[in-house]
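Hi,

Here is the structure I said I would pass on. Have a look at it first, and then read my notes below.

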Amino acid sequence: MIKEKLVEVRGYIATGWCKGMYMVDRNGKHTIDKSKACQWCLSGAIQMVTNDTVLQRDIEKAMDKTLSTHYDYAGGILNFNDGTSQEAVLAMLDRTIEDLQ
């Protein structure tokens, strides 16, 4: 289940990525309306794929494990997202998905 949800998260990030806000609408403004969002940070993309807070946390834990194991980074997914590029976020997601196989 986590792997499948991470693939969905990756799809959102590949389609449109942002930093500093969970979700952004087509006008570049912060939104909490999922139907209007067109760009997402990692946490926003997780919110798009599930409303289950336990599953959301499990997805975050999988990414945190990848960050600490492969990136020697312990700052959490929000800081990683906001401190890097879309390409780096996608690469981290790819690594997390690979690690779960």
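A word on labels before anything else: helices (H or I, at least four residues) and strands (E, at least two) are DSSP runs, numbered from the N terminus. With that in hand, you can place Asp 72, which sits in the loop between H3 and H4. Keep in mind that this is a predicted model. Asp 72 has a phi near 50 degrees, a positive value in a residue other than glycine. Its relative accessible area is 72%, so Asp 72 is exposed.

Now for the inside. The largest nonpolar core has 24 residues, and Val 9, Ile 13, Leu 42, Met 63 and Leu 93 have the most contacts inside it. Helices H1 (2–15), H2 (42–49), H3 (53–70), H4 (76–82) and H5 (86–99), along with strand S2 (37–40), each give two or more residues to this core. Leu 42 is a good place to start looking: leaving aside neighbours within four places in sequence, its contacts include Val 9, Ile 13, Met 63, Ile 77 and Leu 93.

Next, H5. Its 14 residues should span 20 Å at 1.5 Å a residue, and the end C-alpha atoms are indeed 20 Å apart. Which of its residues are buried? Val 89, Leu 90, Met 92, Leu 93, Thr 96 and Ile 97 are. Seen down the helix axis, the buried residues of H5 fall within an arc of 160 degrees, so they line one face. Among the elements covering them are H1, H2, H3 and H4.

On to the cysteines. There are zero disulfides in the structure. For Cys 38, the nearest cysteine sulfur is that of Cys 18, 8.8 Å away. Cys 41 also has Cys 18 as its nearest, with the sulfur 5.5 Å away. Cys 38 is partly exposed, with a relative accessible area of 31%, while Cys 41 counts as buried at 2%.

Last, the aromatics. A search of the whole structure finds three aromatic pairs. In one of them, the ring centres of Tyr 12 and Trp 40 are 4.8 Å apart with the planes at 70 degrees, so the pair is edge-to-face. This pair links distant parts of the chain, with Tyr 12 in helix H1 and Trp 40 in strand S2, 28 residues apart. Tyr 12 is partly exposed at 24% relative accessible area, whereas Trp 40 counts as buried at 5%. Tyr 73 and Phe 80 are edge-to-face too, because their planes are at 65 degrees, with the centres 5.8 Å apart. Together with Tyr 71, they form one aromatic cluster.

Cheers

Definitions and conventions: Residues numbered from 1 in each chain as written. Predicted model: local features only at pLDDT ≥ 70, side-chain atom pairs only at ≥ 80, totals over all residues. Heavy atoms only, no water. Core = buried A, V, L, I, M, F, W, Y, C linked by side-chain atoms within 4.5 Å. Buried < 20%, exposed > 50% of the residue type's maximum accessible area, 1.4 Å probe, protein only. Contact = heavy atoms within 4.5 Å. Expected span 1.5 Å × (residues − 1). Arc of directions from axis to C-beta. Disulfide = S-S within 2.5 Å. Phe/Tyr/Trp six-rings, centres within 6.5 Å; stacked < 30°, edge-to-face > 60°.
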